[in-house]
Amino acid sequence: MEDNASEVTERKAEGDKLRALIEEAADQRDELQQTNATLQRKIAPLLQKKQESSSDKKEDRLSVVENEKRYYDCLNSVHEARVQLATAQTQYDRIAMELQARLDEKECKANEIHESFMEFKREVARSAENTRTGKPIPKRIVAQFEAAEIKKDQEVEKVRLKNINLRTHLRKLEQQLHAKEQLAEGLHLIDFEQLKIENQTLNEKIEERNEELHKLRKKTTTTVQVLTHIKEKLQFVLVENQALKRDLAELDEALTASRDVLTKHKKERDGLRHTQTKMKHQQGFTNSHLLMQDYEKRKVDIEDYQGRLEQLKQRLAYLTKKNAH
């Protein structure tokens with residue numbers, strides 16, 4: 001059955017080749033018909049000249065004879081072209097009929113082989129069993145597989161025909177391009193010089209664009225370097241800012257502690273003042289030498305604490321200002 005499948009593929013390929021030959025023959029027939037129409041258009045001015053020459057009685061007899069000879073020669077060439085066209089058309093029709101008959105025969109055999117192959121696959125599918133359940137494959141599943149395969153074959157057939165049409169169209173385009181190249185041989189030198197001038201102009205523009213691109217690349221490199229430096233500086237400033245924040249927090253804690261101590265000393269001072277006032281009322285303050293010493297000591301301590309507090313305030317203001325910048 002694998003041999004049958006390969007034979008089906010070969011027959012389909014041969015059928016595609018036959019279709020391509022038929023289309024090529026049809027294209028040649030169209031070209032011959034276009035040639036015939038061109039010759040007929042060339043004959044029309046000659047016929048008109050013939051009529052004008054016959055109406056003009058004063059025209060020279062020799063020129064009339066020459067025109068008649070050219071006219072008859074042209075008619076003979078047209079007749080020969082028509083005979084050749086008819087012969088070629090008959091020949092191509094015969095070839096086309098033979099190719100169509102061969103194609104029909106090949107397609108019939110291919111269809112028979114394809115049907116036998118499909119029947120073989122159906123038998124194989126009907127005799128197949130599920131490896132897990134041991135049950136045969138349902139007919140519905142087999143039908144789905146067949147439908148999917150038919151759909152794929154149709155898609156392949158469409159793609160094959162499209163490929164043939166595209167190749168034929170490509171052949172026509174190549175022929176047209178070849179004709180245009182032959183027609184433009186005389187203009188090649190002029191086109192070449194013009195292209196040289198255009199190429200020189202484009203090269204100058206390319207040089208200008210390259211210079212601009214070089215400048216932009218240098219500017220981009222400088223910008224990237226500056227941006228990298230700014231990023232590094234920003235990272236350093238962020239680290240320094242974190243350190244300053246930690247110092248500021250420590251100073252805030254020290255200031256809070258100093259304020260607490262100062263508040264405590266102020267309370268003690270107020271208490272001592274109250275006690276001193278009370279004692280002054282009870283007895284003279286100057287009579288106690290120890291109280292005077294304790295008072296002087298506490299006064300010096302209070303002034304010392306006030307000086308430290310002013311220093312901490314100044315350092316706090318400096319750090320706050322530096323952190324703000």
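Partly exposed here covers whatever falls between buried, under 20% relative accessible area, and exposed, over 50%. Keep that in mind for the close-ups below, all taken from a predicted model.

**Figure 1. Glu105 and Lys109 pair up in helix H2.**
Let's start with the side chains of Glu105 and Lys109, which come together in a salt bridge, with 3.4 Å from N to O. The two residues sit four apart in helix H2 (residues 61-127), so about one helical turn lies between them. How accessible is Glu105? Its relative accessible area is 44%, so Glu105 is partly exposed. Lys109 is partly exposed too, and its value is 34%.

**Figure 2. Helix H3 holds a salt bridge between Glu157 and Arg160.**
Now we move to helix H3, which runs over residues 139-183. Glu157 and Arg160 are three residues apart there, or about one turn of the helix. Their side chains meet at 3.0 Å, N to O. Is Glu157 buried, exposed or partly exposed? With 25% relative accessibility, Glu157 is partly exposed. Arg160 is partly exposed as well, with a relative accessible area of 25%.

**Figure 3. Arg269 and Asp270 form a salt bridge.**
Here the side chains of Arg269 and Asp270 make contact, and the N to O distance is 3.8 Å. Arg269 has 23% relative accessibility; because buried means under 20%, Arg269 counts as partly exposed. For Asp270 the relative accessible area is 43%, which also makes Asp270 partly exposed.

And how many salt bridges does the structure hold? There are five, including the ones shown in these close-ups.

Notes:
Residues numbered from 1 in each chain as written. Predicted model: local features only at pLDDT ≥ 70, side-chain atom pairs only at ≥ 80, totals over all residues. Heavy atoms only, no water. Salt bridge = Lys/Arg side-chain N within 4 Å of Asp/Glu carboxyl O. Buried < 20%, exposed > 50% of the residue type's maximum accessible area, 1.4 Å probe, protein only.
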